[in-house]
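Colleague: Could you walk me through this one? I am new here and would love a friendly tour.

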Amino acid sequence: LGLASPAAAATVRAFTPVFSANTNGDVLMAANTLMTCNATSGTNSANCATARASTFNAAYSNNDFTAQYVNDDTDASTFNASSATLTVPENGSVLFAALVWGGRTETVNATSSNPALRGNVKLKAPGSTTYRDLTASRVDVNPSDNGYQSYLDVTGLVASAGSGVYTVANVQSTTGTTDDYAGWSLVVAVSDPAAPARNLTVFTGFGSVASGNGMPTF
């Protein structure tokens with residue numbers, strides 16, 4: 001009797017190193033979501049707060065809620081925005097930084113779910129009161145579901161801004177009830193005299209993992 005193996009995850013772009021150094025330091029991450037369930041209307045809205053607290057019945061998934069954008073600022077130019085804090089160690093320095101963002105443009109909307117704008121994003125760095133517009137150096141798209149990931153080396157920007165709150169806005173994605181998501185990550189390699197000696201390596205790539213898939217191939 002043989003058992004079928006789970007389908008492998010889809011590797012859209014193989015994972016390859018974009019930074020590597022042997023030094024005292026660490027790899028840090030500041031990240032946040034740009035999508036959440038709707039607590040006032042739509043599917044299962046009454047259970048949204050419980051789901052956000054991670055205590056909801058595990059039998060439910062994000063498709064059991066109506067997804068809406070997170071928009072934590074008051075800037076009229078943004079339709080979604082969220083923030084996270086990066087703390088560079090005392091006496092440390094930024095060696096490398098990359099901003100990665102993505103979502104799923106299932107349904108086309110000219111402003112907020114436009115495939116042509118997947119590579120565009122807004123970033124507000126610590127000490128700044130305004131956003132700067134950034135354009136990805138690479139955009140990878142999964143043709144099977146229109147999920148995408150955008151990538152940009154922002155080493156100079158983060159080295160200059162340093163520790164503090166980073167806010168990312170206007171990541172293109174569809175809202176609704178069908179595998180809708182959006183988010184961002186700032187990945188930062190730092191030197192730190194107080195940390196152990198390590199090999200710090202950052203990889204970039206894009207893979208899609210669905211229910212029932214095995215691990216992606218690296």
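**Salt bridges and the sheet**

Modeller: R104 is buried, at a relative accessible area of 10%, where buried means under 20%, exposed over 50% and partly exposed in between (1.4 Å probe, protein chains only). This is a predicted model, in which local features need pLDDT of at least 70, side-chain atom pairs count only at pLDDT 80 or more, and totals for chains, interfaces and linings use all residues. Residues are numbered from 1 along each chain as its sequence is written, and side-chain values use heavy atoms, with hydrogens and water left out.

Colleague: Which residue forms a salt bridge with R104?

Modeller: A salt bridge here is a side-chain nitrogen of Lys or Arg within 4 Å of a carboxyl oxygen of Asp or Glu. For R104 the closest N and O atoms are 4.0 Å apart. R104 sits in strand β5 and its partner in the loop between β10 (164-169) and β11, 76 residues away. That partner is D180.

Colleague: Is D180 buried or exposed?

Modeller: The relative accessible area of D180 is 6%. By the cut-off of under 20%, D180 is buried.

Colleague: What is the order of the strands in the open sheet?

Modeller: Strands are DSSP runs (E, at least two residues), numbered from the N terminus, and two of them pair if DSSP finds at least two bridges between them. The sheet has 6 strands with antiparallel pairing. β8 (138-142) and β12 (197-208) each have a single partner strand, so they stand at the edges. The order is β8-β9-β5-β11-β1-β12.

Colleague: Over how many bridges do β5 and β11 pair?

Modeller: β5 covers residues 93-104 and β11 residues 182-191, paired in the antiparallel sense. In this pairing S93 stands opposite S191. The count is 10 bridges.

Colleague: How far apart in sequence are D140 and R13?

Modeller: These two form a salt bridge, with the closest N and O atoms 2.6 Å apart. D140 lies in strand β8 and R13 in strand β1 (residues 10-33), so the pair ties together distant stretches of sequence. D140 is buried at 7% relative accessibility, and R13 is buried at 10%. The separation is 127 residues.

Colleague: Which of K122 and D133 counts as exposed?

Modeller: Their side chains meet in a salt bridge at 2.8 Å, N to O. K122 lies in strand β6 (residues 120-124) and D133 in strand β7 (residues 132-135). K122 is buried at 15%, whereas the exposed residue, at 59%, is D133.

Note on methods:
Helices (H or I, at least four residues) and strands (E, at least two) are DSSP runs, numbered from the N terminus.
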